[in-house]
Every structure is written in structure tokens, then in C-alpha cells.
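Please open the model in your viewer and follow the selections below in order. Each stop names what to select and then describes what is found there.

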Amino acid sequence: MQGQGHHSRGAGEAMPALSNTQHGGAASMLPAIVAGFLAVLVSFSGPLAIFFQAAQAARISNEMSASWVWGISIGAAVAGIVLSWRLKIPVITAWSAPGTALLITLFPDLSLNEAVGAYLTAAAILLAIGLSGWVERVAAWVPPGVASGMMAGILIPFGLKAFTGLQTMPVLVLGMLAAYLVFKRTTPRYCIALLLATGAAIAWAGGSTDVGGLAFELALPQFIQPAWSWSSTFSLALPLVLVTLTGQYLPGMTVLRTSGYDSPVRPIIATSSLVSLLVAFSGGITIAIAAITAAMCTGREAHEDPGRRYIAGIANGVFYLVAGLFGGSIVMLFAAFPKELVMTLAGLALLGPILANLGAMVAAQDHCEASLIAFVATASGTSFLGLGSAFWGIIIGIVACRVLHGPRNK
């Protein structure tokens, strides 16, 4: 097949001798299907909590929130199914969690129409970068520590908010923290999904969750007229491009390649960007290759035969499709939770990415101080000249890097 990705086995991984049943039987596909389902479950347990907070910050209706969920779910479904089938590798796609976190700092000053315009701008830029084959080259323009500092600055307020609920619902927050520590030690892969279940159980037992009104409700996409402004372009579109490249495409492709899948990035970023253009009109933020959940579908747990693990990517897309169709029910479920549960869940779910980006800042020894400046500037949440802190964080960080450390060799 033209454009098909190739799999080369890493050290210590031998191609097993497979029977006919292993090759095509339904039983052999079950681990791959389960892996695809768990990847969706983890995405809807942690990152969706951030998405729901963004919807609250934008002060939109439940119907519009359901349209957002429809957009990101259908987008991830279509991109994942098409790429996994075409390339015959497990391509797991998702929406931009750092980009969603960035939204919360911009709403409600940023209008929903401007947000959609920024989504379209970001998707168009990513499409151009993908078609040009300059993904690594463009990402290299920004010092890696500075990019990590900006991402850590975007995410760290959510980590801090994980504990603000202690004042109002201490039993819930402490119970979720204890559960997080236990699950992180015993079952780290399913920690966030189990944490959501634990938090929901504690909230229900305490009488702070009313699930009586929950029902299966289809999501209907709502058309949002895009609007463009310099503020939304510099505060949202350009930072969104950067966090998507450095926070999703580069680590996501690394996961694939370390698993032995030598796939070109061009068809992956081009397909995801085209899908992003389509779902943006319903409020769906940028779709890109996943990094964290991708690891669940690229290893032996998904399938013994590396050549059959693409089934996990297709299954992941199918489950996203189902979730998108019932986006209204998902929104109703999160709306039934107390805000303390959502904040704690989002904060604890982002501890891993926060730690990874802080570690990358420290590891960038040749420009560590500039990375710290980018982190502090972004985390301040300060807006200046109508532009958000993420934009200023990256600009100030780049300038600081050039002044303090001179031009980079790369």
C-alpha cells in the first residue's frame, strides 16, 4: 500500500510464530480492542475534565458543550480510523489537552467565535507544516527547554487547583488523593480511570452528585461562525500550534518509533489537520496524534503480533465515535459532578505532564534559566496588549535564551 508505515522490531522483540487463529481469530483481536477502549476511557477520565472546565469558563450551554465533545470525539475517531487502516499501524489520535488548558486562561475574554477562528488558523498552519515535511525543523526554532517551560506554565495552575477543594469538600479531595497514590502505585496504566470512578463514588455517597436525571442523549453539532482577530491569533492559534507540535506530534511519533513503527509524520499530521479544519466549526479543538494513551496500544499488551496492533487504533476510533454520538450524556454526567471533583481530577491527571515538562526544563542545561523565565511568565497568567501569557512566555523565553546563552547551534 502506498504510504504504508513499516514496522521494524526493536531489540529483544522477535516476531512470534502465529497460528491461523492468532492471525485472524476474534479472540486474538480482543486485547487490541480492549486497549483501544482503555485509551478512550483514560482520555475521557482526565483530559475531558479540563475540557469541561474550559466550557464552564466560556459560560456556554450544555448543548454547546455537547457539540464540543462531538467535535473532538468525531475528529479523533475519523483521524485514528483512517490513519490506522491506511498505514496499518496503531495511530492513536486525540484532542490537544495543553491547548484546552490554554483556553481556560483566555475565556471569557476570548469569544467562542474567535476561538473557532484560532482553531482554523492553527489547523491550517499545522497542515502547511505537515505537507512541507518541516515538523522537526519548525519545532527546533524554539529551544526545547523554553517550549517545556511554556507548557509547564500552562498546566501548573491546574495542578495547584487540585487541592483548592479541601476548603469545601475535604473528604472528597483527600479520598481522591489517597486513591491516586494507591492506584499510581498498583495500577498506573488505569490510574485516572479508577480515580474518576472513586471520586464519583465518594461524591455520590456524600450526596453531592445527582445522577437521577442522567439519560442517553445524542449530541447535535452546532455550527459556530468563526471570527478572526490579532489577539486570538497570537494568544491561542500560535501557542496551540507550538504545544501541538512539541507536546503531541514529537512525543507521539517517538512512541511509535520506539515501538518499532517507522512511519512518516507527513500523512499523520496532514490527515489530523484536515480533520481539525472540519470539526473546528462545531467547537472541536485541534486533533493530533496522542502521546500518553498511544503507549497503551503500541506494545505487546495490545497484540503479540506488531503487524496486527493497528486493530487497536481502529477500535480506539470506533469507541471515540460512539462517545461522540452520545456526547450529550457525557456532558450531563460531568455537569452532575461537584466542581471540586472535576478540579481535583484534572489536577491529578496533569501531574505526569507537569513533571515531564519541568524535568525537560531542568534537563535543558544550556538554556535552563531562559526556560525558567518562560515558565514563570506563562504561569503568571498575565495578559498584555490583549495577548495571553502563553504568547508572552514563549516570546520572552526565546529572547532570554538568545541574550543569556547566545545563538543555538541547532
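Begin by selecting M169, which counts as buried because its relative accessibility is 19%; buried means under 20% relative accessible area, exposed over 50%, and partly exposed in between, with a 1.4 Å probe and protein chains only. This is a predicted model, in which local features need pLDDT of at least 70 and side-chain atom pairs count only at pLDDT 80 or more, while totals for chains, interfaces and linings use all residues. Residues are numbered from 1 along each chain as its sequence is written, and side-chain values use heavy atoms, with hydrogens and water left out.

M169 is located in the loop between α8 (144–161) and α9 (170–186); helices (H or I, at least four residues) and strands (E, at least two) are DSSP runs, numbered from the N terminus. Next, display the surroundings of M169. Beyond its neighbours within four places in sequence, M169 is in contact with S208, P338 and E340, where contact means heavy atoms within 4.5 Å. Add K339 to the selection: 170 residues separate M169 and K339 along the chain, and their C-alpha atoms are 10.0 Å apart.

Move now to P264, in the loop between β3 (261–262) and α12 (265–279). Is P264 buried or partly exposed? P264 is partly exposed, because its relative accessible area is 38%. Select M253 as well; its C-alpha atom is separated by 8.8 Å from that of P264, and the two residues are 11 apart along the chain.

Then select two helices, α6 (residues 112–132) and α11 (residues 230–258), whose axes come within 9 Å and cross at roughly 40 degrees. Axes are lines fitted to C-alpha atoms, for helices over the stretch in contact, and angles run from 0 to 180 degrees between N-to-C directions. The crossing angle therefore makes α6 oblique to α11; angles under 35 degrees count as roughly parallel, over 145 as roughly antiparallel, 65 to 115 as roughly perpendicular and the rest as oblique. To inspect this contact, show the residues on both sides, including A118, Y119 and I125 of α6 and L236, L240 and T244 of α11.

Finally, display the whole protein chain, which has 18 helices and four strands. Buried residues account for 56% of its 410 residues. Among contacts between residues at least 6 apart in sequence, 84% join residues at least 24 apart.
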